[in-house]
Amino acid sequence: MQLANKTCVVTGGNRGIGLELVRQLLAKNNTVIATARKPEAASDLQKLQASAGGRLSVTKLDVTSPQSIESWAAEVKALAPHVDLLVNNAGVTDGWKELGEVTAQDMLDCFTANCIGPLLVTQQLHKQGLLGGRAGSSLVANMTSKMGSIDDNGSGSDYAYRASKAGLNIVNKSLSIDLAPEGVTSVLLHPGYVRTDMTGWNGNIDTQACVKGLLAVLESDRELNGKWYAFDGKVIPW
Ligand SMILES: NC(=O)c1ccc[n+]([C@@H]2O[C@H](COP(=O)([O-])OP(=O)(O)OC[C@H]3O[C@@H](n4cnc5c(N)ncnc54)[C@H](OP(=O)(O)O)[C@@H]3O)[C@@H](O)[C@H]2O)c1
């Protein structure tokens, strides 16, 4: 899909990778519906909005709340007749707890935000008739992490985050089967090790390089449905 003059939704668009996704999608002349838990405090999005010529909407969404997701999806429906690209980007960690520290609540919190959230967001936009169908194809990109790869786990630990992203991976696989007949492609993305608040500003790349690579993957001719790619185009093992 060429990402120009499209309608794109980015969850967790107020900072980090999400904010840069919003920035680069706007620069490609797309219309963007960004989400923030606190739109009134999303100053970077507000600045972008001032120069976006009406192409950026900032909406309120908490992906851990089914009620928030349902009312937000109705708001998206009022803003746009069709969503071409949904990026389920919002995510959390438990602070990288090790064996002996991780709690049941840590596991549940990561699972609720990182696995259940993207599923319910996709489900509600689909229920609103905004994904696929007669209005055209849609691309759903779920921001997972290589830390959710079972094959790639060579260092252990990080139980809550790893399990929640592994859960998201199987959710994406089912979406890729269930929604394909309606023209919806569901792909997993690993953004790399990116310097954001989530990583304590450690990492190998900045958000600009990360998002440039992710958008190139989404715009490529490769088969995306049910697949998993890193920002540099590498295939991630399951
Ligand atoms: N950075 C990396 O190296 C890396 C690597 C692999 C995967 N990822 C994934 O990439 C995505 C973005 O990460 P990032 O590094 O940009 O993280 P970040 O800087 O911590 O940003 C996380 C974003 O998610 C939002 N969010 C958190 N909980 C939410 C909730 N309950 N409802 C709605 N929004 C919520 C945050 O909003 P608030 O401002 O309201 O908290 C923020 O906008 C995540 O899914 C992450 O797991 C990142």
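In the predicted model, a salt bridge links Asp 106 to Lys 97, and the closest N and O atoms of this pair are 2.9 Å apart. The two partners differ in their exposure class: Asp 106 has a relative accessible area of 10% and is therefore buried, whereas Lys 97, at 24%, is partly exposed. The value for Asp 106 falls under the 20% limit that defines a buried residue, while the value for Lys 97 lies between that limit and the 50% above which a residue is called exposed.

This pair belongs to a set of six salt bridges in the structure. Another of them joins Asp 44 and Lys 47, with 3.8 Å between the closest N and O atoms. Both residues lie in helix H2, which covers residues 43-50, and because they are three residues apart there, about one helical turn separates them. Asp 44 is partly exposed, with a relative accessible area of 32%, and Lys 47 is exposed, with 59%. A further salt bridge connects Asp 232 with Lys 234, where the closest N and O atoms are 3.4 Å apart. Here Asp 232 is partly exposed at 41% relative accessible area, and Lys 234 is exposed at 55%.

The ligand is surrounded by 27 residues, of which the closest are Asn 14, Arg 15, Arg 37, Tyr 161 and Thr 196. Sorted by class, this shell consists of 11 nonpolar, 11 polar and five charged residues. Polar contacts to the ligand involve both side chains and backbone. A polar atom in the side chain of Tyr 161 is located 2.6 Å from an oxygen atom of the ligand. In the case of Lys 165, an N or O atom of the side chain lies 3.0 Å from an oxygen atom of the ligand. At Val 63, by contrast, the partner is a polar backbone atom, which is 2.9 Å from a nitrogen atom of the ligand. On its own, the ligand has an accessible area of 890 Å², and the protein covers 94% of this area. Two elements each contribute two or more residues to the shell around the ligand, namely helix H1 (16-27) and helix H5 (159-178).

Attention then turns to the protein surface. Leu 99, Met 107 and Tyr 159 make up a nonpolar surface patch of about 300 Å². Met 107 is situated in helix H4, which comprises residues 104-127. With a relative accessible area of 34%, Met 107 is classed as partly exposed. This value also satisfies the requirement that patch residues have over 30% relative accessible area.

Pro 181 occupies a position in the loop between H5 and strand E6, the latter spanning residues 184-190. Its relative accessible area is 70%, and Pro 181 is therefore exposed, since the limit for that class is 50%. Along the chain, Pro 181 and Thr 103 are 78 residues apart, and a distance of 40 Å separates their C-alpha atoms.

Notes
Residues numbered from 1 in each chain as written. Predicted model: local features only at pLDDT ≥ 70, side-chain atom pairs only at ≥ 80, totals over all residues. Heavy atoms only, no water. Near = heavy atom within 4 Å. Polar contact = N/O pair within 3.5 Å; in protein donor to acceptor, adjacent residues only side chain to side chain. Areas by Shrake-Rupley, 256 points an atom, 1.4 Å probe, with all protein chains shown as cover. Helix = DSSP H or I, 4+ residues; strand = E, 2+ residues; numbered from the N terminus. Nonpolar A, V, L, I, M, F, W, Y, C, P; charged D, E, K, R; others polar. Patch = residues over 30% accessible without salt bridge, like charges linked within 9 Å, V, L, I, M, F, W, Y side chains within 5 Å. Salt bridge = Lys/Arg side-chain N within 4 Å of Asp/Glu carboxyl O. Buried < 20%, exposed > 50% of the residue type's maximum accessible area, 1.4 Å probe, protein only.
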